[in-house]
Number of protein chains: 2
Amino acid sequence: MTGKMDQPELSELFARHGLRCTRQRKAVYHALARTCDHPTAGQLHRQLTDRGQSMSLATVYNTLEALCKSGLAQRLSGNGPLTPDSTGNTSGSGSRYDATLGDHVHIRCACTGKLHDVPHGLGQKFLDAIPKRVLEEIEHDLGVKVDHLQIELVAKPAQ
Amino acid sequence: MTGKMDQPELSELFARHGLRCTRQRKAVYHALARTCDHPTAGQLHRQLTDRGQSMSLATVYNTLEALCKSGLAQRLSGNGPLTPDSTGNTSGSGSRYDATLGDHVHIRCACTGKLHDVPHGLGQKFLDAIPKRVLEEIEHDLGVKVDHLQIELVAKPAQ
DNA sequence: TTTGATGCAAAGACTTTGCATGCTT
DNA sequence: AAGCATGCAAAGTCTTTGCATCAAA
């Protein structure tokens with residue numbers, strides 16, 4: 001799992017991906033890799049500055065873009081619901097980011113727009129059920145090479 | 001198919017969904033239902049005004065929200081790539097909208113961020129392959145009710 | 001030392017909102 | 001006639017960019 005990531009490993013990881021290792025990048029990557037919810041740039045920035053980390057919002061954006069370009073993170077579909085939630089937070093808007101590599105399944109709350117990982121075992125069952133044959137057929141018919149899947153279950157709390 | 005939608009049908013459809021039938025709403029819905037790519041609000045607005053339809057961008061947004069709330073359209077995950085394409089268009093940014101009801105599969109170009117429907121037959125094969133059992137297991141374990149799936153194949157043109 | 005990252009602030013894009021006016025029902 | 005939709009413009013977010021400064025390699 002990517003959860004436990006201490007300094008030396010991180011600096012190696014960055015080096016392997018051609019990224020300089022700075023305090024800010026370590027902080028952003030660490031914060032991203034540690035959660036299984038999928039924060040927006042703004043949420044990450046608040047989270048980090050609340051913990052005493054000083055860094056500018058622009059740097060969070062730049063860092064996230066660097067991480068995505070180098071393959072250490074991915075940008076997910078953004079838009080949650082349009083309206084601010086009861087606490088006044090506009091929690092749904094803005095792109096969300098994810099440091100988990102490889103295909104996995106997300107679940108989005110239809111009410112709050114929050115995005116989470118489906119626990120690995122369950123998500124894997126889902127992915128395993130997809131026949132490669134169908135994917136190949138789609139690739140062939142449309143003349144494309146499928147790079148990865150993005151699967152989202154939109155769900156409400158059970159009644 | 002929803003493609004062929006003329007006036008009287010549209011006014012009935014709106015009425016059934018509790019929406020007033022105005023020139024602008026007909027235009028927006030018609031434009032949305034007619035394509036299988038998934039335009040942003042801005043793209044729709046440009047498309048409509050280019051065809052001589054006069055309407056404000058705010059109305060396009062308001063109309064799309066009304067359509068979504070009444071169940072005639074859905075908002076899709078927005079974010080394509082961050083950078084404007086070669087023609088200077090920032091084609092990827094902004095929410096995309098879809099007038100097709102029910103689950104279906106999208107394909108997104110990893111380069112341009114453009115979103116399209118996977119042709120119905122192929123998409124259906126994909127969806128049919130998902131075992132209900134796994135979905136029920138997820139619902140049970142997480143205590144949720146899955147409303148719908150959002151599946152996106154991120155792909156590049158075949159080499 | 002060289003090169004790339006950061007911070008700040010400003011610019012830009014996307015989206016929502018308030019209010020007067022007009023149109024559907 | 002009543003009430004909702006429209007248009008406009010203004011305000012609010014979210015995101016990117018330019019440039020001077022600073023830090024990693």
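This passage walks through a predicted model of two protein chains and two DNA strands, beginning with the fold of chain A and moving on to the DNA surfaces and one serine of chain B.

A helpful place to start is the make-up of chain A, which holds six helices and five strands. Following the sequence, these elements come in the order α-α-α-α-β-β-β-β-α-α-β. Chain A has 159 residues, and 44% of them are buried. Among the contacts in chain A with a separation of 6 or more, 55% join residues that are 24 or more positions apart. The accessible surface of chain A amounts to about 8300 Å², and carbon and sulfur atoms contribute 52% of that area.

With the fold in view, attention can turn to DNA strand C. This strand is surrounded by 22 residues, and those that come closest are Arg20(A), Thr22(A), Thr59(A), Tyr61(B) and Ser95(B). Of the strand C atoms that come within 4 Å of the protein, 79% are accounted for by sugar and phosphate. The bases are nevertheless reached by polar side-chain atoms. In chain A, a polar atom in the side chain of Arg20(A) sits 2.5 Å from a base oxygen of DNA strand C. In chain B, an N or O atom in the side chain of Arg20(B) is 3.3 Å from a base oxygen of this strand. On the phosphate side, Ser56(A) takes part through its backbone, with an N or O atom 3.2 Å from a phosphate oxygen of DNA strand C.

Which elements each supply at least two residues of the surface near DNA strand C? They are α2 (23-34) and α4 of chain A, together with α4 of chain B. The most is given by α4(B), with four residues. Sorted by class, the surface near DNA strand C comprises seven nonpolar, 11 polar and four charged residues.

DNA strand D can be described along similar lines. Around this strand there are 22 residues, and Tyr61(A), Ser95(A), Arg20(B), Thr22(B) and Thr59(B) come nearest. Sugar or phosphate makes up 71% of the strand D atoms within 4 Å of the protein, while the rest belong to bases. Several polar contacts go to phosphate oxygens of strand D. The side chain of Tyr61(A) places an N or O atom 2.5 Å from one phosphate oxygen of DNA strand D, and Thr22(B) has a polar side-chain atom 2.8 Å from a phosphate oxygen of this strand. Cys21(A) contributes through its backbone, where a polar atom is 3.3 Å from a phosphate oxygen of DNA strand D. The elements giving two or more residues to this surface are α4 (57-69) of chain A, and α2 (23-34) and α4 (57-69) of chain B. Here α4(A) provides the largest share, four residues. By class, the residues of the surface near DNA strand D are seven nonpolar, 10 polar and five charged.

Finally, Ser70(B) offers a close-up of chain B. This serine lies in the loop between α4 and β1 (74-76) of chain B. Is Ser70(B) buried or exposed? Ser70(B) counts as buried because its relative accessible area is 17%, and the cut-off for buried is under 20%. A polar atom of the Ser70(B) side chain is 3.2 Å from the backbone oxygen of Leu67(B). Leaving aside residues up to four places away in sequence, Ser70(B) touches His17(B) and Leu19(B).

Note on methods:
Residues are numbered from 1 along each chain as its sequence is written. Chains are lettered from A and ligands numbered from 1 in the order in which they are written. This is a predicted model: local features need pLDDT of at least 70, side-chain atom pairs count only at pLDDT 80 or more; totals for chains, interfaces and linings use all residues. Side-chain values use heavy atoms; hydrogens and water are left out. A residue is near a molecule or strand if one of its heavy atoms lies within 4 Å of it. A polar contact is a pair of N or O atoms within 3.5 Å; within protein, one must be able to donate a hydrogen and the other to accept it, and residues adjacent in sequence count only if both atoms are side-chain atoms. Ala, Val, Leu, Ile, Met, Phe, Trp, Tyr, Cys and Pro count as nonpolar, Asp, Glu, Lys and Arg as charged, and the others, Gly among them, as polar. Buried means under 20% relative accessible area, exposed over 50%, partly exposed in between (1.4 Å probe, protein chains only). Contact means heavy atoms within 4.5 Å. Accessible areas come from the Shrake-Rupley method with a 1.4 Å probe; for residues, only the protein chains shown count as cover.
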